[in-house]
Amino acid sequence: MSDRDGGDEGTTRRRLMQATGVAGLAGLAGCSGSGGGSTDAPATGESEGDMSTTEPPDPNVGDGELVLATTTSTYDTGLLDAINPLFQEAFGVTVRTISQGTGAAIETGRNGDADVILVHARGPEDEFLRDGAGINRRDVMFNDFVIVGPEDDPAGIDGMSSATEAFATIAEQEATFLSRGDDSGTNTKELNIWEAARVEPAGSWYRETGQGMGDTLNQASQTGGYTLSDRGTYLSQQNNIDLVIHVQGPLRDGPAILQNPYGVIPVNPAVHDNVNYMAAMAYVSFLTSPMGQAAIEEYTANGSQLFFPNALSEEPDFQQYVPQDYDGASSASVSPERFQSWVDEFVPEGF
């Protein structure tokens with residue numbers, strides 16, 4: 001996106017605003033709680049309440065445009081259409097969304113072609129932080145993954161309590177399985193499950209779509225195949241596809257390997273001085289504020305809540321800011337105990 005460089009005037013203006021205002025927005029983000037691709041600019045919507053008791057930031061933060069690189073699940077579910085207009089109205093910033101797999105979204109941020117990323121693959125997120133490409137990561141929300149397939153369940157996996165056993169059974173039966181094959185957060189999770197199952201999927205039964213979650217669900221429905229889906233995208237499209245959930249994730253007492261946390265990370269302005277860091281930190285502040293968290297919680301599709309906000313907490317949670325192995329531990333995912341604590345705190349009974 002060479003148009004992001006903006007010339008001398010735009011770069012000078014960004015540097016000036018960064019020098020004079022970053023500390024204020026960093027403080028705002030810190031106080032909000034302790035706790036392939038397409039582009040669009042959603043129309044401005046109406047705010048449902050004040051973000052805080054203080055006056056909102058001045059409009060036209062940075063250069064007035066925020067480029068958000070994000071996973072297809074936040075886009076395909078319609079969540080961004082619900083929350084981005086609230087941010088735009090509060091800050092006077094136009095959001096331009098690049099919807100792609102998490103791996104591609106992280107690479108977009110790494111190249112300086114986005115100001116902030118909203119993704120769901122903690123291992124690659126940690127590498128992004130460890131390399132200095134991103135800073136000030138925050139937990140935003142979570143849901144889980146589910147294994148879906150045709151109702152007649154030719155592989156016989158319905159009701160299994162183990163995702164690895166279900167995958168191994170699908171491979172043994174050579175039942176059609178649709179993989180996104182796009183280096184997305186979902187694809188990363190799928191490959192992790194195959195590895196844990198000690199299966200190298202190959203053959204005519206295993207098909208890579210190279211598409212986003214919505215398109216992959218449609219293809220699985222059309223071919224009578226199985227696939228791994230985030231629960232949010234599945235719920236948002238379940239009325240249009242002939243697939244049912246055969247293996248539940250941890251929101252419904254399923255295996256911890258199917259957990260699905262989301263994080264937001266601004267691109268490091270010390271690496272790419274063309275990025276709109278002011279707007280990126282404003283977006284982090286908004287998503288993790290009471291207003292942003294309420295908008296996420298209230299968003300539903302087909303009568304179901306799709307995402308569960310987890311940015312606000314009475315207790316400090318320093319693990320969200322740094323790579324999971326920062327303390328010497330070796331981990332590429334949120335611990336099952338930590339994720340279960342989110343489920344216990346934020347998921348309503350009877351969900």
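For the cavity lining described here, Ala, Val, Leu, Ile, Met, Phe, Trp, Tyr, Cys and Pro count as nonpolar, Asp, Glu, Lys and Arg as charged, and the others, Gly among them, as polar. By this grouping, the residues that line the largest cavity of this predicted model divide into three nonpolar, four polar and two charged. The lining is made up of F177, L178, S179, R180, T186, N187, E190, T227 and L228. Two or more of these residues come from each of β6 (177–179), α7 (185–196) and β8 (226–230). The space inside the largest cavity amounts to about 30 Å³. Rolling a probe the size of a water molecule over the atoms shows where empty space is left.

It helps to set this cavity against the chain as a whole. The chain contains 12 helices and 13 strands. It has 351 residues, and 56% of them count as buried. The area that the chain exposes comes to about 14,600 Å², with 45% of it supplied by carbon and sulfur atoms.

Two residues offer a closer look at how parts of the chain meet, beginning with T102. This residue is located in helix α4, which covers residues 102–110. T102 counts as buried because its relative accessibility is 1%, and the cut-off for buried is under 20%. Leaving aside residues up to four places away in sequence, T102 is in contact with T71, V119, H120, A121, D183, S184 and G185. One of these neighbours, H120, also takes part in a polar contact: a polar atom of the T102 side chain lies 3.4 Å from the backbone nitrogen of H120.

The second residue, N268, is found in a loop, between β10 (259–266) and α10 (277–287). With a relative accessibility of 12%, N268 also falls under the 20% cut-off and therefore counts as buried. Its contacts, again without residues up to four places away in sequence, are G132, A133, G134 and I135. Along the chain, N268 and G134 are 134 residues apart, yet their C-alpha atoms are separated by 4.7 Å. The side chain of N268 makes a polar contact in this stretch as well, reaching the backbone oxygen of G132 at 2.8 Å.

Taken together, the side chains of both residues meet backbone atoms: that of T102 pairs with the backbone nitrogen of H120, while that of N268 pairs with the backbone oxygen of G132.

How values were computed:
Residues are numbered from 1 along each chain as its sequence is written. This is a predicted model: local features need pLDDT of at least 70, side-chain atom pairs count only at pLDDT 80 or more; totals for chains, interfaces and linings use all residues. Side-chain values use heavy atoms; hydrogens and water are left out. Helices (H or I, at least four residues) and strands (E, at least two) are DSSP runs, numbered from the N terminus. Buried means under 20% relative accessible area, exposed over 50%, partly exposed in between (1.4 Å probe, protein chains only). Accessible areas come from the Shrake-Rupley method with a 1.4 Å probe; for residues, only the protein chains shown count as cover. A polar contact is a pair of N or O atoms within 3.5 Å; within protein, one must be able to donate a hydrogen and the other to accept it, and residues adjacent in sequence count only if both atoms are side-chain atoms. Contact means heavy atoms within 4.5 Å. On a 1 Å grid over the protein atoms alone, a cavity is a set of points where a 1.4 Å probe fits but cannot get out, and a pocket is an open set with protein on both sides within 12 Å along at least five of seven lines; lining residues have an atom within 4 Å of a point. Grid points are joined across faces, edges and corners, and a volume is the space filled by probe spheres set on the points.
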